[in-house]
Amino acid sequence: MVQTSPDGGIDEFDVVGVGFGPSNLALAVAMTEGGDAPSAVFLERQNDFGWHRGMLLDDATMQVSFLKDLVTLRNPTSRFSFLSYLHEQDRLVDFINHKTLFPLRIEFHDYLEWAAAQMGDRVRYGHEVIGVRQVTGGDRIDRVEVLADTGSGTTTLRAKNLILATGLQPLLPAGVVADDRIWHSRDLLHRVSTLGTARPRRFVVVGAGQSAAEATAFLHERYADAEVWAVYSRFGYSPADDSSFANRIFDPSAVDDFYDAPDRVKDQLLNYHANTNYSVVDSDLIAELYRRTYRESVLGRPRLKMMNVTRLVNAVSQADGVRITVETLTTGEQAVLDADVLVCATGYDPVEPATLLGDLNGYCHRDANGRLEVGRDYRVSTDDTLGVGIYLQGGTEHSHGISSSLLSNGAIRAAEILSSVRDRSAARAQPVSSAAAS
Ligand code: FDA
């Protein structure tokens, strides 16, 4: 139940979630399904639900089985499953005949949106959390204030637990700044829509991961007169390892194995299995891009060009395009490419929680590498004086493994966090005498 603080009418919740992407959506759904849910509100800076909208390319498919949706691993009978969504759309039979585990990204987005729409009363869109501050008074800090920018002012809420699921932030090559001509792949569709009826002559796409390959294929198909130059330092695109044994690294039980392993083994595992997720491309897409380059070489009209073993040196926007300097790594030779647009598909970094936590940072424990220490229940380890639970969804690859920023484990992680919040709240509510007797 939402309570109002005695001093000043600020709404108070057991849980305030920051961000409402798939991670906190899975948590909201878990709260809806379990009885005895804590009071909760989720603050999302976008004005509507949206999951990587700039990369909702028509052909792009999911990199994870639809069975790893918001709920199924936690509750296979949930009415919020992808199958339930398909049933409601009257597409279940057609999907079965499609014989795939990997729906279109656009379809999965529609599923997420469908689930989010049913969480309406728990979410406040258009609320960007800009800071958190402790509520003083007493020896222990049991509540914090969460400040959110609503566009027309600042709202303040109180929370007994914070669940940060703020996702990823785009990474650009050193010295490169995004503008109308230099885009991060995150914004691809939004930026393309601003080109209108213009007929660009040349695109350059930097990067060798899934987003780079998707952007290259998309631009090549969409702009039938334009050259598309793919620039990457690898020799060739590398396929994503989605084989069955390697895929077990995303299992819920792999989180236990990883969490308990010594740091040296954690690093080893991340290295061994980075190619399940990082800088890799679906094999089908690699084959498709190769098919296109080969066809064009046969036809004598090469438009899709691979600049492998090459790095971007710099990019400077000009009035009518962008001037890009690249360097061939084998010879050190530099060349200049003039293009209409540069797309940097150069990845993401998790958002660092410290930027939001303000003076709470002083209570949070960090390891020798400066990374937050996080319990198995995803709660940041803090001084005892901080009674407020700070939980992380994402940004825990160093402690919980490679699935931390992915969808694979979202349903189970939501259940684990919820159960930790409930247990801690029950422990607090227990009278001191009975706690001592037990
Ligand atoms: P996500 O980034 O989705 O959501 C975070 C939310 O927090 C956003 O809505 C953001 O607006 C909001 N937010 C941030 N700061 C805020 C603030 N201060 N105040 C309020 N709101 C704030 N993984 C996978 O397992 N399978 C896949 O197929 C894919 N596919 C895929 C495609 C593309 C193009 C990308 C870029 C990534 C993927 N991923 C993926 C990985 C992806 O990170 C993952 O699927 C989820 O987005 C993780 O969900 P989260 O909710 O944790 O973050």
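This is a short dialogue about a ligand site and a strand in a predicted model.

Trainee: What should I know before reading the values?

Mentor: The model is predicted, so local features need pLDDT of at least 70 and side-chain atom pairs count only at pLDDT 80 or more, while totals for chains, interfaces and linings use all residues. Residues are numbered from 1 along each chain as its sequence is written, and side-chain values use heavy atoms, with hydrogens and water left out.

Trainee: What makes a residue part of the ligand's surroundings?

Mentor: One of its heavy atoms must lie within 4 Å of the ligand. 28 residues surround the ligand, with Ser 23, Glu 44, Trp 51, Gln 63 and Leu 407 the closest.

Trainee: Why is the pair between the ligand and the side chain of Glu 44 called a polar contact?

Mentor: A polar contact is a pair of N or O atoms within 3.5 Å. A ligand oxygen is 2.6 Å from an N or O atom in that side chain, so the pair qualifies. Ser 23 also has a side-chain N or O atom 2.6 Å from a ligand oxygen.

Trainee: How do you know that strand S16 is covered on both faces?

Mentor: Val 341 and Val 343 on one side, and Leu 342 and Cys 344 on the other, are all buried, meaning under 20% relative accessible area with a 1.4 Å probe, protein chains only.

Trainee: What makes S9 and S16 a pair?

Mentor: Pairing needs at least two DSSP bridges. S9 and S16 have 3 and run parallel, so they pair. Cys 344 in S16 is the bridge partner of His 184.

Key: A polar contact is a pair of N or O atoms within 3.5 Å; within protein, one must be able to donate a hydrogen and the other to accept it, and residues adjacent in sequence count only if both atoms are side-chain atoms. Buried means under 20% relative accessible area, exposed over 50%, partly exposed in between (1.4 Å probe, protein chains only). Helices (H or I, at least four residues) and strands (E, at least two) are DSSP runs, numbered from the N terminus.
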